[in-house]
Amino acid sequence: MGFQISKEQQMIQQMAREFARKELAEKAADRDKNHEYPADSLKKMGELGLLGMLVSETYGGEDMGTVAYSLALSEIAYACASTAVIMSVHNSICCGSLERFGTEEQKETFLRPMAAGEIIGAFALTEPEAGSDPQSMACTAEKDGNHYLINGTKRFITSGKNGGVTILLARTAPTGSKGITAFLITPDLPGFEVGRVEDKMGQCASDTVDLNFTNCRVPASRMLGKEGEGFLVAMSGLDAGRIGIASLALGIGTAALDEAKKYARKREQFGKPISEFQGIRWMLADMAMDVEAARLLVLNAAATKERGENCTAQASMAKCYASEMAQRVTGQGIQIHGGYGYTKEYPVERFYRDARITTIYEGTNQVQRIVIANDLMKDQKKKRKNKTAA
Ligand SMILES: Cc1cc2nc3c(=O)[nH]c(=O)nc-3n(C[C@H](O)[C@H](O)[C@H](O)COP(=O)(O)OP(=O)(O)OC[C@H]3O[C@@H](n4cnc5c(N)ncnc54)[C@H](O)[C@@H]3O)c2cc1C
């Protein structure tokens, strides 16, 4: 199986590459160090169409398809993983959920400005006691006339502080997946506040925060989808979200490989460039194989999604493999840089820290393996059902 990237997809990739290397690459280290949100770069990304890549033209988006989106996101991550995670949550999950489940009014109010990059989206599922098992969430939304009263805390929310709209998942019934409902939250709502800001290992230019709700009054018109459809809203964005994180990890891995190649050619020991030592060449060869394997899995998942086929297992495989590749390859990148790789003088140190979270968010890699194994075993389940029915 081979992949033919179309001329148009190549042009989009090239546009994202030029933007990322000119606009983001130089600023990435400082932004990471100062925990500085990339607001001005995001504005430019909006103007280039990079924040409405999957939104239909009806709502001002570019409708470029998942493959082009994946290629562009990898380019952004190559230069700045913090900006890439903001882009991923915004495009894959927030814009996607709004387009699928939003009312016309919600799409005009939120999706259109999101596609233009005027509003950045956040997605609030995780809670202090509910991570891999989101159904155990405790945040509640209680009906109060034409409003809902929200109470609870959401944790680890990307763009929760700097974003303009958050898709919140809360319980409208005490148990079950059908007891969860999605709401669109804006910072102006009474009873809503941004809580603690995480001091993270990597991706430090992207904010990760608690969102606190204390009798927060949300108009019923802000419900996204129907009451009880929140889990469906959350799950429907997962495949795209995982392809997004896989593409992001691929971008980091590719950057680490390129930096390692560059350094190996330049650094001399024993009177010659270290790139001439077999130990280094084999490490570079292993890194290149790993990056290429991840690239094929990511493109396969993106192309499967773009064809409209079920891509749940492919998205999990891509996310799982690409994120673990990024950890291996950034570690090898540091090794090739020797002691310098452990310092902030070279970007591989940041790549290593940025890569670490990719095996955790958007479903940990243990969860991805559960998804992949469930897909492998689904025939067995069907057979058992048929037998019981007979
Ligand atoms: C930087 C960052 C950004 C994030 N952004 C967002 C965001 O925008 N929105 C959002 O809602 N969340 C976000 N998250 C939360 C993230 O998705 C969760 O951290 C993740 O899903 C894991 O949940 P947890 O941290 O509670 O770990 P836990 O679920 O407590 O897991 C702890 C460990 O147990 C393992 N484990 C759990 N269940 C099983 C099982 N059944 N089988 C095997 N192993 C298992 C996990 O794999 C993990 O190794 C973000 C987190 C971080 C750190």
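Let me start with the residues around the ligand in this predicted model: the shell holds 18 residues, a residue counting as near if one of its heavy atoms lies within 4 Å of the ligand, and those that come nearest are Thr126, Ser132, Phe156, Thr364 and Gln366. As for conventions, residues are numbered from 1 along each chain as its sequence is written, and side-chain values use heavy atoms, with hydrogens and water left out. Local features need pLDDT of at least 70 and side-chain atom pairs count only at pLDDT 80 or more, while totals for chains, interfaces and linings use all residues.

By composition, the shell divides into 9 nonpolar, 7 polar and 2 charged residues, where Ala, Val, Leu, Ile, Met, Phe, Trp, Tyr, Cys and Pro count as nonpolar, Asp, Glu, Lys and Arg as charged, and the others, Gly among them, as polar.

Turning to individual atom pairs, an oxygen atom of the ligand lies 2.6 Å from an N or O atom in the side chain of Ser132, and for the side chain of Thr364 the corresponding distance from a ligand oxygen is 2.7 Å. At Leu125 the partner is a polar backbone atom, 2.9 Å from an oxygen atom of the ligand.

Where, then, does the ligand lie with respect to the domains? Both domain 2 (122–234) and domain 3 (237–378) give residues to the shell, so the ligand lies between them; these bounds come from an automatic or database domain assignment.

Conventions
Polar contact = N/O pair within 3.5 Å; in protein donor to acceptor, adjacent residues only side chain to side chain.
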